[in-house]
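Trainee: Could you take a close look at one helix for me, and then show how the chains around it fit together?

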Amino acid sequence: MSEPNVDGNPANTSSAHKEPHHLRRAVIIWAVLSVLGIIATILLSPIIMPPAASALDSADNFTFTVFTVLAVPVAMFVFVFLGYSLIVFRTKGRPTEDGIPLQPTPFIQIGWLGITSALCLFLVIWGLFAFYQETAAASSNTLQVQVTGQQWMWTFYYPQYGVSSQGQVLELPVNRPVEFYVTSKDVLHGFAIRAFGIRVDANPGEVTTTPLVTPSVIGQYEVACVELCGLYHSYMWEFVNVVSTDSFNSWIVDHGGHL
Amino acid sequence: MTEGKTIEGESRRTNLMQMLFPSVVSGVVLGVIGAVVFGVVVGLITQQQNQDAQLVAAYIGWTLFFFIGIGAFEGITTWGFARRELTLEEEHKLAGKGQGLWRYFRYTTDHKVVGMQYLALTLVLFFFGSMGAFMIRLEQSVPGAIFFNPQTYNTIVGMHGILMIVATIIMVSGPFGNFILPIMIGARDMAFPRLNALSFWLVFAAAPVFFSTLAFGGFPTGWTGYAPLAVQEMTPGMDAYCFTIILFATSTTVAAMNIVTTVLVMRTKGMTWGRLPIFVWGVILSVILGLTAFPSFLISQVMVLMDRVFQTSFFIATFGGSNWLYEHLFWFMGHPEVYVIALPAMATAAEVTAVFARKPVFGYRLLVSGLIGVCVLSTVVWGHHLYTSGANTALDGPYMLDTELISIPTGLFFLGMIGTFWRGKIWMTVPILFVAGMLVNFVIGGVTGIYLADLPTDEILHGGMFVTAHFHFTLVGSMVFGFFAGFYYWFPKMLGKRLDPVLGRIHFWLFEIGFLGTFLSLFYAGLLGEPRWSANVAPMFAVPNLIASLFAILIAASVFTLVYNVIITLARGERAEANEWGGKTLEWTVPTPVPLENFEHLPVVTSLPYNYGSPEPVTEKATGIAIDMPLQTQSED
């Protein structure tokens, strides 16, 4: 192998004559911007994130924020070193001489691999833990809801009460765990309630379930279809009403169900 | 067959028939006749009961007779069964020697002609695809389906998707992989010149099939063509989608085999694997990945067509089929495919950076191993597209692990790029601007991929606008920017003209600012929970969608700037030098326009082409060692 340029890394030695210490400068800029970025992420995320109506969704939102905090220094590293190079090392017109033929030292190679691997490992472990925490044990008062997607509406059936939501509104009592059994009559649909942090496909011929979710805030939220299901896919929106237990019970009775 | 010696002499006296046959004109004429005949015959057999069968038959007729008309089978009895080998004159005729501009409209085997054909096709596809994008932004700028009805909108989304996917898959490996790559490795042509022509004309033949969907009601499935919907769909426009994919997947397979073989066997003396330019690594890894990925796409579409035409039930749950089967087949192609797009564009960026920073690639072997790592790991990540399918397999964890492992070799790419910029003598040209933009966008696209790879966050983002914004950041912001870096870099070599650098800079800044504005606001819409594919934007997402649409105007302006720049350069651009940028790879050592057999004497390579800052030459020049190779090595096989 004739590879002529496997020199050391002269840029990193402090003996560079008269040149400003570029590496130190860039690292300082990177550190400052990263800290600012992380602070901004922490301050802004409550404003940017949509309100969560279940512990599951707040946990997902929290994971999102944690990952963003990690991502800021990574992105800043590229932005700063790229920007610094483009501003400081640019030539006027066509360069007449060549750049310094740098090659990565073993230290840089191993360090870089180590840092990226550690970050990657953290993401995987965090993801697995956060995900398996969601598989909570079913409690005795779990509300079961059978969700059926069809072109282009959702219907909700409450087998424990023998009642079906006729007005295409998903009515749920607050602070009671719900388990959704999701299927489809025709093509693939995607059952998603952003405010609860649940999302699962409605497959024809299969019944899929979501993790156990407990709506914790009274209010109105949306069910969306998140798999392209044909002509009126984007009209396949319905409302979720999270109401008090009393209101829920009277809603059941009003719709001809038995308590 | 016409005798080769008479070609030159007769070329001035050829009559119109000889000029048109064989050429794309006769191909289209025969193809249309073939389509009508096949469609009518099958219509008679099925008594007009099966529109899908008729249409698929028409597409088959079109394809077959188009290739007869364009002369793909020319000489097959003479040479195809090895009754005798081609003479040099016959090879030159096939390569388009002395045919002027007509060679671009024929089944020409010269790799440079094929490269130019691919370049033109890529730009045309990009243009139509971007028009689709602007229509999407128009529709989504305000809530409610106002500008298009949902059926039209769904078709526009699907057409935009397929046009862009096809364009991005061919954008680097097609134009530069065909034109530049053989010169870069010191070859006189590709290993299989006729397959090379076949791969291009298959994409070309797919275009009318694809656009015919407009005449048959469009297709509602978007570019993914998810199966129960694709089978259920009554309008025959869906068949156009399936058949387009079949043709396109065949084309990529043919092209991939050709490029792999070329790099394996046709490197010049001294061009060891350790001296291959990064670009060649990127292209060959990409096409190897394509060879594993695309067959499953082809098969999935054959199965959908069988479900539609013969009422089989691969994907129909009531008859024992499964939509998960389709999802697996599709994403087994779909995820490696984005790396098929990514690898050559990343490699192009590395190639360009070394030239304009006047520095060797920082950590050549590390960077190449990064590309190899991406290539290997990406074959088994497709399951993350099924996280929320409800299948809940035990593999969700491993899929997540593998998906996130990809960030390690991708990190090596960033190390190589940043290291190449660092302490360089950076010449701020248009290509390097696009590389810089690519790196900025690629970081954003990369870190947002983490949220989608990780199970807990994917749960709030899957199937939403966040996904759309993420893959636009990687495919458009990163890879299309990488393509444009290559486009501005190699345009002077390919066309011999200098693109206007001022217009190039305007193109870049309009594109970059418009792009960031558009897709950063779509990230926000996705975070709020907006689903993809919405003709009717829900009112709560109206603001980010409007902002995105307004920024898209800048992207539209950038598209027209590029079109204007290309047209004005072709019309009256300055002539470029043979080595316009001072590059050291072999394509800059040959004259512009590149002669038919590329090299007078095949060069002997002695080092990596990045020895900036070192006096050693890349090739042994004028030492008398240059060797003469037989002209077309194909005939040696």
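Mentor: Happy to. A residue is called buried if 20 or more other C-beta atoms, placed from the backbone, lie within 10 Å of its own, exposed if 12 or fewer, and partly exposed in between. By that rule helix 13 of chain B is mostly covered, with 23 of its 32 residues buried. This is a predicted model, in which local features need pLDDT of at least 70, side-chain atom pairs count only at pLDDT 80 or more, and totals for chains, interfaces and linings use all residues. Residues are numbered from 1 along each chain as its sequence is written, and chains are lettered from A in the order in which they are written.

Helices here are DSSP runs (H or I, at least four residues), numbered from the N terminus. Helix 13 of chain B covers residues 278–309, and its end C-alpha atoms are 46 Å apart, which agrees with the expected 46 Å (1.5 Å times one less than the number of residues). Along the way the helix bends by about 35 degrees at Leu291(B), and Pro295(B) follows within four residues; the bend is the angle between axes fitted to the seven residues ending there and the seven starting there. After helix 13 of chain B comes Gln311(B), with a positive phi near 55 degrees.

Now the partner chain: 77 residues of chain B are in contact with 76 residues of chain A (C-beta atoms, placed from the backbone, within 7 Å). Among the elements giving two or more residues to chain B's side are helix 14 (323–357) and helix 21 (501–528) of chain B.

Terms used: Two residues are in contact if their C-beta atoms, placed from the backbone, lie within 7 Å.
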